[in-house]
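Visitor: Please walk me through this model with short questions and short answers. I would like to start with the aromatic rings.

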Amino acid sequence: MSAEASVPGASVSKTSVPEASVPGASVPEGSVAEAQVDGATEVKKGSALQESEAIVEVKLADLQADPNNPLFSAKSFEELNLSEELLKGIRQMNFRRPSKVQEKALPLLLYNPPTNMIAQSQSGTGKTAAFSLNILSRVDISNLSPQALVLAPSRELARQILGVIETMGQFMNGLVTMAAIPDPSKRNQKYEAHVLVGTPGTVMDMLRRRYIDARSMKVLVLDEADNMLDQQGLGDQCTRVKQLLPKQIQTVLFSATFPQHVINYAERFAPNANVLTLAHEELTIEGIKQLYIDIDKDNDKYSTLLKFYGLMTQASSIIFVRTRATAQELEARMVNEGHKVAQLSGALEGLERDRIIDQFRSGEAKVLITTNVLARGIDVQSVTMVINYDIPTDAHGKADPETYLHRIGRTGRFGRVGVALSFVHDQRSWQQLNEIANYFKTDLHNIDTSDWDAVEEMIQKIIRSSRAGKSTKEMTDMITGS
Ligand SMILES: Nc1ncnc2c1ncn2[C@@H]1O[C@H](COP(=O)(O)OP(=O)(O)OP(=O)(O)O)[C@@H](O)[C@H]1O
């Protein structure tokens, strides 16, 4: 099928393969962004790939000085009225300056009397830190009962958020945090902690069985709130959880996406909230280079995927597929052919899922095949490539722009550079991708596969540039080879 079909106002453009030439882009081998030098919540092992801290700092400082960048801020953390313990925690995480959402949301969140909030900000711009700092500012350490609850759509995300809260609160003596996620060994345990982070089903169960005492709860956060409120099962569970919490609780909803139909419901869930929202076209992240590849037949998708294996393992990569069955099948085929890949889907049991995501975080597994279960929130800074093996669609087969945005947002975290590569193989998938591009009014560039060496060189150059400090034009030149 031809990708040249022209769509009104089309933002999917066909460009030839580049002989990429980037001014000053002679980056030494192995300088792919890997080391987590800012925002570190984990120590990376198993990788000799390091990027110079000095270079990263300079580039991040440039991004944060640009008022049009979502990482921009006019203030410092010191001006945001945080406790000395929290400022120490932030310094320990190597956060130098707040991002736009942190700077804007924090004063509103910290204000007394507490006010609800609905806040939207692009993927990877530090929403977790924004709501975590509010929580930790409001906790009374002398009262060891749950005072703040964060709900997230997956166990992996809940564990990650817990890690951020623990790192950030490491200087708050006596702080206790706990995960409320499915765990057979903890089914009959009381949740004696100041802060809980969990998935809605487990939290509801524990509240009902009185293992969570909700009387001191002051803050409820829904991360990925549009997803939590929109999905049938999850939405009901979140509503029921809220009904079991004190009426005056501060309700905080965060996400990169808030489709209009969810905003109305969100405003009922968090009444009289301060609202920070963005337009569709503001949502794409400059550092994520969106490419697509036009494949003749469905059958050729797999062989095309294999051609990217070398690039995928330079740092870390995620391959998104539609179903659990495809995830399992791809894993089996790739492993059979001697490739090292990991696979995570909702079909696996909880502890197995923990083991796999931890391996991926540590760099032990560099290629992860997964479904939409990991489309949202997962923050692994070494991810430089995201592959949409299947274009994201909703249950009716319609293009799903929100999921696309979350999936590609697993790369390009906090100013880093990443490549998002989508596979189209027929008229339908082509149309779905076009709908997505039009929704965000964004440019997607076609990869011409007649010269694989050139494709590889172009992608290498992008992922080696490590920070999105380059101008849009330089980046576009890199892709188009002009
Ligand atoms: N002020 C800061 N300075 C430097 N790094 C930061 C700062 N705030 C957050 N980070 C880092 O940026 C990365 C992305 O943050 P986070 O996971 O909170 O993004 P997010 O906005 O929640 O993204 P998503 O929409 O994908 O959930 C994390 O690794 C975090 O440690």
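Visitor: Which residues do ring pairs link into a cluster with Phe308 and Trp452?
Guide: This is a predicted model. Ring pairs join four residues into one cluster. Besides Phe308 and Trp452, the members are Tyr389 and Phe423.

Visitor: How many aromatic pairs are there?
Guide: Two rings pair if their centres lie within 6.5 Å. By this rule the count is 7.

Visitor: What is the geometry of the Tyr292 and Trp430 pair, stacked, tilted or edge-to-face?
Guide: The ring centres of Tyr292 and Trp430 are 5.6 Å apart, with 45 degrees between the planes. Planes under 30 degrees apart count as stacked, and over 60 as edge-to-face. The pair of Tyr292 and Trp430 is therefore neither, and counts as tilted.

Visitor: How many residues apart are Tyr292 and Trp430?
Guide: Tyr292 belongs to strand S9, residues 288-294. Trp430 belongs to helix H15, residues 427-440. The pair links distant parts of the chain, and the separation is 138 residues.

Visitor: Why does Tyr292 count as buried?
Guide: Buried means under 20% relative accessible area. Tyr292 counts as buried because its relative accessibility is 0%. Its partner Trp430 also counts as buried, because its value is 2%.

Visitor: What angle lies between the planes of Tyr389 and Phe423?
Guide: These two rings form a tilted pair, 5.6 Å centre to centre. Tyr389 is in the loop between strand S13 and helix H14, and Phe423 is in strand S14, 34 residues apart. Both Tyr389 and Phe423 are buried. The angle between their planes is 50 degrees.

Visitor: Which residue places its charged end over the ring of Tyr389?
Guide: The charged end lies 4.7 Å from the ring centre. The residue is Lys301.

Visitor: Which side chain joins Lys301 in a polar contact of 2.8 Å?
Guide: The partner is located in the loop between S13 and H14. Leaving aside neighbours within four places in sequence, its contacts include Lys301, Phe320 and Arg407. The partner is Asp390.

Visitor: Is Asp390 buried or exposed?
Guide: The limit for buried is under 20% relative accessible area. Asp390 has 14%, so Asp390 is buried.

Visitor: What does Gly397 contact, leaving aside its neighbours within four places in sequence?
Guide: Gly397 is also found in the loop between S13 and H14. Its C-alpha atom is separated by 24 Å from that of Leu368, 29 residues apart along the chain. With those neighbours left aside, the contacts of Gly397 are Arg428 and Gln432.

Visitor: Which ring lies under the charged end of Arg333?
Guide: The charged end of Arg333 is 3.8 Å from the ring centre. The ring belongs to Tyr302.

Visitor: Now the ligand. How much of its area does the protein bury?
Guide: There are 20 residues around the ligand, and Arg97, Thr128, Asp379, Gln381 and Arg413 come nearest. A side-chain N or O atom of Arg413 is 2.7 Å from a ligand oxygen, and a polar side-chain atom of Glu224 lies 3.3 Å from a ligand oxygen. Thr125 places a backbone N or O atom 3.1 Å from an oxygen atom of the ligand. Taken alone the ligand exposes 640 Å², and the protein buries 97% of that.

Visitor: What share of the chain do buried residues make up?
Guide: The chain has 17 helices and 15 strands. Its sequence runs to 482 residues. The buried share is 58%.

Technical notes
Residues are numbered from 1 along each chain as its sequence is written. This is a predicted model: local features need pLDDT of at least 70, side-chain atom pairs count only at pLDDT 80 or more; totals for chains, interfaces and linings use all residues. Side-chain values use heavy atoms; hydrogens and water are left out. Rings of Phe, Tyr and Trp (its six-membered ring) pair if their centres lie within 6.5 Å; planes under 30 degrees apart count as stacked, over 60 as edge-to-face and the rest as tilted. Helices (H or I, at least four residues) and strands (E, at least two) are DSSP runs, numbered from the N terminus. Buried means under 20% relative accessible area, exposed over 50%, partly exposed in between (1.4 Å probe, protein chains only). A charge sits over a ring if NZ of Lys or CZ of Arg is within 6 Å of the ring centre and within 35 degrees of the ring normal. Contact means heavy atoms within 4.5 Å. A polar contact is a pair of N or O atoms within 3.5 Å; within protein, one must be able to donate a hydrogen and the other to accept it, and residues adjacent in sequence count only if both atoms are side-chain atoms. A residue is near a molecule or strand if one of its heavy atoms lies within 4 Å of it. Accessible areas come from the Shrake-Rupley method with a 1.4 Å probe; for residues, only the protein chains shown count as cover.
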